[in-house]
Amino acid sequence: MQNQRVAVTGGAGFLGSHVVAKLLELNNEVVVLDDFSNGKMVHLAQVREHPKLSIIRGDITHRNDVVQAFENCNTVIHLAVLDLRQSIKEPKRVNTVIVDGTMNCLEIAKENNVELFLNCSSSEVYGTANYVPMDEKHPLHPETPYAAAKVAQDMYTFSYGRTYGLPWTTIRPFNMYGPNSHWQGYRGELIPKMIVRAMNKQPLVLFGSGEQTRDFLYVEEAAKAVIDVANNPLSRGRTLNFCTGKETSVKRIAELICQAFNLDPAEFIQSQPPRPGDVMRHLGDQTAFSEIVGYSPKVEIEEGITKTIEWFKHLPYKPAELLAQEVLRSWE
Ligand SMILES: NC(=O)c1ccc[n+]([C@@H]2O[C@H](COP(=O)([O-])OP(=O)(O)OC[C@H]3O[C@@H](n4cnc5c(N)ncnc54)[C@H](O)[C@@H]3O)[C@@H](O)[C@H]2O)c1
């Protein structure tokens with residue numbers, strides 16, 4: 001994707017900020033539409049003054065904001081979302097953003113005859129695995145309001161392709177991590193939370209045995225892959241897992257982080273009772289993705305964690321300030 005005008009909803013968020021940076025590197029004009037409910041201007045600090053970047057503080061559920069953002073765009077990359085843990089507290093609000101917001105984006109993308117609507121789904125739509133690795137044909141068993149809304153988002157995207165001929169691709173990321181990830185409050189994710197705790201010499205807590213596995217994808221690779229998938233016409237009308245096809249246990253993550261901070265795992269890794277409804281194995285099949293882009297993700301978890309720690313060390317906050325925002329049992 002080069003020399004295009006691309007709208008990125010949720011462009012100030014974790015994944016979005018990396019996608020925006022890569023699009024600008026490739027000489028695209030980029031319009032970010034974000035309400036900054038979870039996104040941060042600091043995520044875009046490196047590119048903030050870029051002459052080809054416009055930032056609209058607006059809401060995907062407001063038609064006029066979307067009309068303004070998508071004007072003259074060739075491509076829409078739709079990443080705006082409210083997250084899973086928020087959906088447990090406020091399912092209707094999250095449904096409004098994900099489902100009504102997506103419909104606004106689809107509708108206005110259609111009116112603008114965009115060449116691609118890149119829809120960002122989530123592996124959460126699969127629910128607990130019936131089999132691993134989970135390919136794109138795995139049944140959809142949304143187990144949270146967030147996942148149910150993401151299924152609706154995917155179905156509406158598919159339907160706009162069928163009914164109105166809107167060109168689309170759906171990507172389904174598994175667990176992403178890396179710079180700009182969230183450690184704060186109920187938005188905190190496993191890896192950034194553990195890093196913040198290790199920086200403060202606080203115990204890294206495993207909920208349950210720690211044998212739970214996840215398929216962790218480094219965010220910069222995910223952002224590059226968004227563009228590679230968008231560039232490839234073979235991705236049109238396809239749903240593609242974004243994952244590594246490798247599983248890493250939560251305990252292994254804690255050990256790697258202890259190692260990086262010279263903490264004794266026997267002392268610093270502690271256990272608490274399991275989180276309700278926690279999935280034991282979450283592993284994606286990335287065959288379809290690698291067929292389309294011609295490569296597999298390469299950043300190993302050890303390297304990705306090292307890079308993420310470096311990012312944390314350069315944040316303009318003291319470790320204690322980071323810890324003050326971290327909530328151990330973030331789903332409650
Ligand atoms: N982070 C992961 O591990 C992960 C895994 C699977 C799928 N995904 C998907 O990737 C996409 C990006 O997620 P992320 O992790 O970067 O999340 P994020 O919360 O960091 O980014 C989402 C952005 O959307 C913005 N937003 C929320 N409501 C909005 C609204 N009404 N109008 C405009 N903007 C709004 C937020 O301010 C935020 O900047 C989402 O579609 C998500 O479902 C993420």
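How do the residues of the shell around the ligand divide into nonpolar, polar and charged? There are 14 nonpolar, 12 polar and 4 charged ones. Here, Ala, Val, Leu, Ile, Met, Phe, Trp, Tyr, Cys and Pro count as nonpolar, Asp, Glu, Lys and Arg as charged, and the others, Gly among them, as polar. Keep in mind that this is a predicted model: local features need pLDDT of at least 70, side-chain atom pairs count only at pLDDT 80 or more, and totals for chains, interfaces and linings use all residues. Residues are numbered from 1 along each chain as its sequence is written.

**Around the ligand**
- Of the 30 residues around the ligand (C-beta atom, placed from the backbone, within 6 Å of it), Gly10, Gly13, Phe14, Gly39 and Ser122 come nearest.
- Helix H1 (14-25), strand E2 (29-34), helix H4 (91-111) and strand E7 (175-177) each give two or more residues to this shell; helices (H or I, at least four residues) and strands (E, at least two) are DSSP runs, numbered from the N terminus.
- H1 supplies the largest share, with 3 residues.

**Gln270**
- You'll find Gln270 in strand E13 (residues 269-272).
- Gln270 is exposed because it has 12 other C-beta atoms within 10 Å; the cut-offs are 12 or fewer for exposed, 20 or more for buried, and partly exposed in between, with C-beta atoms placed from the backbone.
- Setting aside neighbours within four places in sequence, Gln270 is in contact with Pro203 and Val205 (C-beta atoms, placed from the backbone, within 7 Å).

**Lys307**
- Lys307 sits in helix H11 (residues 301-313).
- Lys307 has 16 C-beta neighbours inside 10 Å, so it counts as partly exposed.
- Lys307 and Gly178 are 129 residues apart in sequence and 7.2 Å apart in space, C-alpha to C-alpha.

Note on methods:
Contact = placed C-beta atoms within 7 Å.
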